[in-house]
Amino acid sequence: MTSNENRAASARLVLLVAALSACVSAPEPPRAQAAAAIPQKPIPGRPQPTTNTWPIRPVANPPLPYRDIDQNEAPPPALVSVVRNLGQSFRGKVGIAVRRIGTDWTVAWNGTSLFPQQSVSKLWVSMTFLDAVDRGKLRITDTTTITRNDLTLFHQPTAALVAQNGGWTTSYSDLMRRAMTQSDNTANDTLLRAVGGPDAVRGFLARRMIKDIRFGPGERLLQSATAGLDWRQDYSIGRNFYAARAKLPMTVRQKALDNYLASPPDGAAPSSIVQALAKLKQNDMLSPASSRLLLSIMSEAKTGPQRIKGGVPPGWSYLHKTGTGQDLPPRSTGFNDIGIMTAPDGTSYAVAVMIGSTTVGIPERWALMQAVAKAVVANHEPR
């Protein structure tokens, strides 16, 4: 883009955000990037509900019980228009998907393209773990010991606990909460090993008939390859990974990042993500007890308060998982937020905003994500 085109695109995004902040719906032009109807079929061999022994914490402003909605209704034309305009105006590659849970419509922009998930993929690890609990293969009270050899990189608060005594023992339930609410990479990779590794996660998604969601090789291999490095365990200590990455020629780093973005091993389609979220809400991914547990944990997420959540008004609830990839200035990659918005009347929407690559600053990314949330609210029709 030229500088004039960039300024014009930013101006369009600002105008859209301002309009949505005033709760003014967009006019109703012909539908574009229209809803992709993804039928939600019952899953054979649905596991029987189980009683988890880990208590579910109370949720502030808990959503009302899920209610059936007319399966034949169409998406609001204004929502279709706003999502399209937001996608067109944003300077970068972005995917947006909104699905009203209980219907067959999904409004999307680049909804079937694969975007790097980064820590969004922790959701599938937790689902796979709880599925193993549902099937009696694991218990949430089971414990494991994490050592220095299990540490990963980037955000891993558990590293400090391991360093204190040379090892740290905790329950899988604690690791799941840390992975989902703090996005702790070591907690997630430990949980991943417990369920059987990446193949177990891929198998779970396949059994639940969720397509176009890839699962990568685990945090260490994924992030080192994205940077242009081969993983070494000493990269998990201090700033060693950053130092090794900084020593690489810029051409090597650029090529590695380009290869990652061209076909991300952890790539996922926004429309598929909101389908999976809808199935989770409707107990079609896990047993009712495990579904309630995971949704409760997602409501406690500490990450991304200014992403989609920043556009959710009082009276609505939002539970979610974020993801953030590596930067190679001027590019930032994998800036994501996915979750479930619930209106005061109990109607829920699965929402995904995934920024694959962009050069705009964080406030502009926040503005885009919040605008999607405001568009959902502005076009909600209470039942």
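## A buried helix, two cores and some unusual backbone angles

Asn110 has a relative accessibility of 27%, so it counts as partly exposed (buried means under 20% relative accessible area, exposed over 50%, partly exposed in between, with a 1.4 Å probe and protein chains only). This is a predicted model: local features need pLDDT of at least 70, side-chain atom pairs count only at pLDDT 80 or more, and totals for chains, interfaces and linings use all residues. Residues are numbered from 1 along each chain, and side-chain values use heavy atoms, without hydrogens and water.

**Backbone angles.** Asn110 sits in the loop between strands S2 and S3 (115-116). Helices (H or I, at least four residues) and strands (E, at least two) are DSSP runs, numbered from the N terminus. The table lists residues with positive phi.

| Residue | Phi | Place |
|---|---|---|
| Asn110 | near 55 degrees | loop between S2 and S3 |
| Ser183 | near 60 degrees | loop between H5 and H6 |
| Gly136 | near 75 degrees | follows H3 |
| Gly102 | near 100 degrees | hairpin of S1 and S2 |

Ser183 is buried, at 9% relative accessible area. Another feature is a cis peptide bond between Pro329 and Pro330, with omega about 10 degrees.

**The hairpin.** S1 (residues 92-100) and S2 pair in the antiparallel sense over four bridges. Two strands pair if DSSP finds at least two bridges between them. Ile96 stands opposite Trp109 in S2. Within S2 (residues 106-109), Thr106 and Ala108 point one way. Val107 and Trp109 point the other way, and all are buried.

**The cores.** The largest nonpolar core has 55 residues. Such a core is a set of buried Ala, Val, Leu, Ile, Met, Phe, Trp, Tyr and Cys residues joined through side-chain atoms within 4.5 Å. Helix H3 (residues 122-134) gives the largest share, eight residues. A second, separate core has 31 residues, including Leu79 and Trp109.

**Helix H3.** 13 of the 13 residues of H3 are buried, so this helix is largely enclosed by the rest of the structure. Which residues does Trp124 touch, leaving aside neighbours within four places in sequence? Among them are Gln117, Val201, Phe215 and Ile273. Contact means heavy atoms within 4.5 Å.

**Two packed helices.** H5 (residues 172-181) and H12 (residues 288-298) pack at about 45 degrees, with axes 9 Å apart. That makes H5 oblique to H12. Angles under 35 degrees count as roughly parallel, over 145 as roughly antiparallel, 65 to 115 as roughly perpendicular, and the rest as oblique. Axes are lines fitted to C-alpha atoms, for helices over the stretch in contact, and angles run from 0 to 180 degrees between N-to-C directions.
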